[in-house]
Amino acid sequence: MATVLSRALKLPGKKSPDLGEYDPLTQADSDESEDDLVLNLQKNGGVKNGKSPLGEAPEPDSDAEVAEAAKPHLSEVTTEGYPSEPLGGLEQKAASSLVSYVRTSVFLLTLGISMILVLLCAFLIPCPPRDLHSTWSRHLGSQGGGDLSPLELADVNGDGLRDVLLSFVMSRNGSAVGGSRPAANLVCLSGMNGSTLWSSLLPEEARDITCLELMPGSLAETVCLVTGTHKMLSAFNATSGKAIWTLNPNYLSNGTLAAPVVVLPDLDEDGVRDLVVLAIGELQPDLCFLLVSGRTGSPVGRPVKYNVVGVGNLIGPQVYITTNGAVYILFGFGNIQAVALRDIFVQAQNRDSSPPSLQIEEPEWEKRRSINLSELIDVYSDGVELLQMVKAPDSNCSNLLITTRQGLVLLRGQNLTPYWTLRLQGLRSQPTPGYFTDDQTLDFLLQIQDGVGMKKMMVVDGDSGSVVWSYRAPCHMKETPATSAVTSDRKSVFLFWAEGLSAASPNSDIILGTEPPSLHHLYLLHPAFPSILLDLANTTGTVTASEVGINDLWKDAFYVTRTTGPSSEGHPAALVVSKLSLRWALMEGQMAQLQESTPKIGRGELRRFLSRIKFVEAPYEI
């Protein structure tokens with residue numbers, strides 16, 4: 001009770017010595033003391049560990065507080081009346097400041113390194129070349145004659161874009177003095193801008209240019225095989241344009257090369273694929289095959305002769321590999337005959353044995369041999385004009401597409417029986433394969449001469465042989481090449497040349513040109529819009545060759561043409577090579593409506609569809 005009473009009687013102000021006595025006159029002094037006390041508390045951080053800022057201990061509220069205050073505390077050591085920090089506090093603050101400094105330094109260092117790497121990638125490392133709008137035209141001067149127009153696409157400089165290789169006969173001023181044959185030039189143009197990458201002189205006009213990898217493996221160099229019209233067969237390094245080897249013409253004796261070189265499997269087991277050429281003498285029956293090493297260009301054995309009699313165009317030679325792996329060579333004059341590569345190798349080597357890869361036979365083919373096993377296998381013998389290999393659906397072998405004077409025939413490659421036959425007249429150009437229908441079977445675009453200055457284009461269903469699309473247009477250009485490109489949705493666009501088209505009447509299939517015959521247009525047909533043709537480009541020259549390549553990086557296709565300008569007396573024709581980006585041309589092309597469709601197709605709908613087209617490599621081989 002005494003303690004409680006004592007606390008209750010403690011009032012602000014000055015206290016008299018007697019208990020409970022209070023002097024009101026000293027109230028102002030007491031108020032000033034309280035203000036000073038509050039300021040001191042705020043300045044020194046308040047009371048810590050039971051001590052006031054002035055070092056005076058407050059009176060305990062109870063006996064328990066008295067007992068608690070009597071206990072010693074190590075942390076309550078004070079100096080000059082100020083509260084002390086806990087032990088180790090300064091060390092902890094120093095360590096925390098050091099960690100913060102290290103973290104900041106590491107962050108800034110990482111940020112600086114990242115910025116340097118970004119700058120290196122942006123300015124020092126070359127970016128892949130953009131080819132979205134790569135359209136160029138290159139004039140190569142005057143062409144000094146020549147009937148052939150070889151054209152090939154291959155990436156020779158490793159930039160991911162296919163470059164253009166071609167050969168042409170130089171004008172007489174550039175021919176070798178005293179040479180019996182006009183000299184020719186082999187030129188490689190950059191696929192990016194058409195600049196000349198390299199060029200090489202050829203002793204004669206080139207018949208064909210084929211670029212491929214003769215050695216298996218990803219590090220194999222691309223080799224360009226050039227076949228001449230007389231006796232020349234050479235292999236060139238595609239990167240440098242330098243000749244690797246040239247076949248000695250003496251090995252052809254009195255014959256001349258009749259067709260382009262054909263690539264075979266590795267026969268001499270040196271790790272490089274080998275070759276075979278077909279030579280013909282002055283008399284037609286004198287045909288001989290010569291096996292050539294792909295590594296050195298030397299003959300693999302002696303020439304192998306066959307006596308073949310026929311009427312018509314020379315067919316082949318072409319190599320055919322059956323489902324079982326048997327290898328045959330197809331050739332003929334107006335007909336198709338086959339000889340096993342095993343038989344050619346055995347006679348060339350003058351021995352009875354052959355490599356294990358050549359000992360495989362195809363029973364259905366061998367049944368067509370006559371009693372004398374040394375004779376040839378008859379495949380087809382009815383006015384053959386052209387022969388193509390067409391990949392069979394869901395199979396690792398090919399069918400045989402045969403163009404005859406009477407029409408088109410598709411033979412099954414497994415047993416050589418007809419799949420279908422289409423009767424046509426006037427078919428002279430090679431059918432163009434592509435996907436037009438939805439059955440994932442290769443269809444074919446045909447160009448048929450249909451009167452003077454007119455031709456008829458038609459698409460034939462590869463599964464049934466029926467005509468699924470046709471159109472008649474004016475065209476005075478002879479044997480204009482047609483091509484196709486495959487899109488990512490497993491469809492094909494077909495490209496062909498014709499003169500300017502006018503609007504078609506729904507009841508008429510005759511379309512007259514509205515422009516002079518000297519101007520030809522490049523038209524594109526897409527199976528999703530069979531009543532529309534897109535006009536992509538035009539030229540006044542004569543298109544002698546064309547090829548389509550794929551830019552895998554940008555999912556684009558490009559169309560390369562070889563064109564000769566009009567020639568006048570005393571002035572040779574000019575040679576022009578052009579490249580056109582198809583995705584760019586699709587958006588810039590003009591729409592030609594063939595017939596009214598229901599519902600009517602608008603320009604905006606067509607442009608949206610065309611903008612989504614992406615091109616891919618063709619899954620088939622011809």
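This is a short talk on the cysteines, one helix and one glutamine in a predicted model.

Okay, hi everyone. Keep in mind as we go that what you have in front of you is a predicted model.

Let's start with the cysteines. How many disulfides does the structure hold? It holds 1. The partners are Cys 211 and Cys 224, with an S to S distance of 2.2 Å. For those of you who like torsions, the one about that S-S bond is about 100°, so we have a right-handed disulfide here. As for where the ends sit, Cys 211 is in strand β6, residues 206-212, and Cys 224 is in strand β7, residues 223-228. So the bond ties together parts that lie 13 residues apart in sequence. Both of these cysteines, Cys 211 and Cys 224, are buried.

Now, why is Cys 188 not bonded to Cys 224? The closest cysteine sulfur to that of Cys 188 is indeed the one in Cys 224, but at 7.3 Å it's too far for a bond, given that a disulfide needs the sulfurs within 2.5 Å. Cys 188 has 0% relative accessibility, so it counts as buried. Cys 397 counts as buried as well, at 7%.

Next up, helix α5, which covers residues 341-349. Which of its residues are buried? They are Leu 341, Arg 342, Ile 344, Phe 345 and Ala 348. Around the axis they cover an arc of only 165°, so they end up on the same side of α5. And what do those buried residues pack against? The list has four strands and a helix: β13 (286-292), β14 (304-307), β16 (327-333), β17 and α6 (363-366). Just after α5 comes Asn 350, and if you check its backbone, phi is positive there, about 55°.

β17 brings me to my last residue, Gln 337. That strand runs over residues 336-340, and Gln 337 is in it. Is Gln 337 buried or exposed? Its relative accessibility is 14%, so it counts as buried. Its side chain makes a polar contact of 3.2 Å with the side chain of Asp 378. Leaving aside neighbours within four places in sequence, Gln 337 is in contact with Ile 329, Leu 330 and Phe 331, with Leu 376, Ile 377, Asp 378 and Val 379, and with Val 308. So Asp 378 turns up in the contact list and as the polar partner of the Gln 337 side chain.

That's my tour, thanks for listening.

Notes
Residues numbered from 1 in each chain as written. Predicted model: local features only at pLDDT ≥ 70, side-chain atom pairs only at ≥ 80, totals over all residues. Heavy atoms only, no water. Helix = DSSP H or I, 4+ residues; strand = E, 2+ residues; numbered from the N terminus. Buried < 20%, exposed > 50% of the residue type's maximum accessible area, 1.4 Å probe, protein only. Polar contact = N/O pair within 3.5 Å; in protein donor to acceptor, adjacent residues only side chain to side chain. Contact = heavy atoms within 4.5 Å. Arc of directions from axis to C-beta.
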